[in-house]
Amino acid sequence: MNNITMSMRADELIIRALREDITSEDISTNSVMREFQMGKVDLICKQDGIIAGLNVFGRVFKLLDDKTELTFTKTDGDEVKCGEKIGEIRGDIRVLLSGERTALNFLQRMSGIATYTHSVAALLAGSRTKLLDTRKTTPNMRIFEKYAVKVGGGYNHRYNLSDGILLKDNHIGAAGGVAAAVKMAKEYAPFVRKIEVEVESLEMVKEALEAGADIIMLDNMSVEDMKEAVKLTAGKAETECSGNVTMENVAKLVDIGVDYISSGALTHSAPILDLSMKNLHAV
């Protein structure tokens, strides 16, 4: 997902998040700050990691008050260190206080995903295998989370159900088998669409190849069977390894020779990167 596309969709999602946090007023802020007062606050990193989502973080404050000024010493994809000041926000203190949690929620979540993805991708360095995300994302956060995967050095699988054909076990069951499912997909889908088939055995690999699948997803298969599956495809189709892939077990998958390894953990299990807004004062 590129920056332009994300910008087109982000405002609506950010506004939803702000409305979730402020239904009528920020009663805490309004209690102590009755009128406009210019102030500034520092953005501090409290863990080492990869930063992602600075534009989203800044947009939260801009939507509350477009006069808010933000300066950053880092850009998305940069390494950050614990204790490092990476930005400064200047504007109406009421805006800085009211937008703080929503802005940090986006930035911490996205930076956590980028950091985790970076660590997993490093384990695949030097191989031909690309690391992919999945659709296992937080509802209404997909555009931000998939962007963070790219910032961290991973690649995006299909964005949503309209974006590509992936025939999983239940699609195959509904169709009556691999061959039938692929045949129906070829008849229905535009010829420019690739067809990916999820398989769970070497027999299904053979069926998918004979049916003309473009990509074969090897789901929860043993390392030995996946190596054999790669040999069976012999360039006839691309291969993807999937199924409970995490930082702890990805290293043993490097030598299988698949084109892609997909991991839902990149988005559903990445811890946040701890960031904070500190030293708020009037100016």
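Visitor: What makes the crossing of helix 8 and helix 9 right-handed?

Guide: One thing before we start: this is a predicted model. A crossing gets that name if the near helix is turned clockwise from the far one by less than a right angle, and the crossing of helix 8 with helix 9 is right-handed.

Visitor: Why is helix 8 called roughly parallel to helix 9?

Guide: Helix 8, residues 202-211, packs against helix 9, residues 223-233, at an angle of about 20°, and their axes are 10 Å apart. Angles under 35 degrees count as roughly parallel, so helix 8 is roughly parallel to helix 9. On the helix 8 side the contact is made by Leu202, Val205, Lys206 and Leu209, and on the helix 9 side by Asp225, Glu228, Ala229, Leu232 and Thr233. Those residues divide into 5 nonpolar, 1 polar and 3 charged.

Visitor: And why is helix 4 oblique to helix 5?

Guide: Helix 4 (residues 93-122) and helix 5 (residues 142-151) have axes that come within 7 Å and cross at roughly 40°. Roughly parallel needs an angle under 35 degrees, and roughly perpendicular covers 65 to 115. The angle of roughly 40° fits neither label, so helix 4 counts as oblique to helix 5. Their crossing is right-handed too.

Visitor: Which residues of helix 4 and helix 5 meet?

Guide: From helix 4 you have Phe106, Arg109, Met110, Ile113, Ala114 and Thr117, and from helix 5 Phe144, Glu145, Tyr147, Ala148, Val149 and Val151. They divide into 9 nonpolar, 1 polar and 2 charged.

Visitor: How do you know that helix 5 is largely enclosed by the rest of the structure?

Guide: Just look at its residues: 8 of the 10 are buried, so helix 5 is largely enclosed. To count as buried, a residue must have under 20% relative accessible area. The ones that pass are Arg142, Ile143, Phe144, Glu145, Lys146, Tyr147, Ala148 and Val149. Just after helix 5, glycine 153 takes a positive phi of about 105°.

Visitor: Which residues touch the most other members of the largest nonpolar core?

Guide: That core has 78 residues, and the ones touching the most other members are Leu43, Phe57, Phe144, Val197, Val199, Ile216 and Leu218. Helix 4 gives the largest share of this core, 11 residues. As a rule, nonpolar side chains in soluble globular proteins tend to be buried together. Across the whole protein chain of 283 residues, 47% count as buried.

Visitor: What makes asparagine 244 count as exposed?

Guide: Its relative accessibility is 64%, and exposed means over 50%, so asparagine 244 counts as exposed. Asparagine 244 belongs to the loop between strand 10 (238-242) and strand 11 (260-262). Its phi is near 55°, a positive value in a residue other than glycine. Asparagine 279 is not a glycine either, yet has a positive phi of about 65°, and asparagine 279 is in strand 12, residues 275-282.

Visitor: How far apart are threonine 71 and glycine 87 in sequence and in space?

Guide: In sequence, 16 residues separate threonine 71 from glycine 87, but in space they are 5.5 Å apart, C-alpha to C-alpha. Threonine 71 is in strand 3, residues 69-72. Setting aside its neighbours within four places in sequence, threonine 71 is in contact with Ile86, Gly87 and Glu88.

Visitor: How many helices and strands are there in the protein chain?

Guide: There are 10 helices and 12 strands. The C-alpha atoms of the chain fill a box of roughly 70 × 35 × 25 Å along the principal axes.

Definitions and conventions. Residues numbered from 1 in each chain as written. Predicted model: local features only at pLDDT ≥ 70, side-chain atom pairs only at ≥ 80, totals over all residues. Heavy atoms only, no water. Axes fitted to C-alpha atoms, helices over the stretch in contact; angles between N-to-C directions. Helix = DSSP H or I, 4+ residues; strand = E, 2+ residues; numbered from the N terminus. Parallel < 35°, antiparallel > 145°, perpendicular 65-115°, else oblique. Contact = heavy atoms within 4.5 Å. Nonpolar A, V, L, I, M, F, W, Y, C, P; charged D, E, K, R; others polar. Core = buried A, V, L, I, M, F, W, Y, C linked by side-chain atoms within 4.5 Å. Buried < 20%, exposed > 50% of the residue type's maximum accessible area, 1.4 Å probe, protein only.
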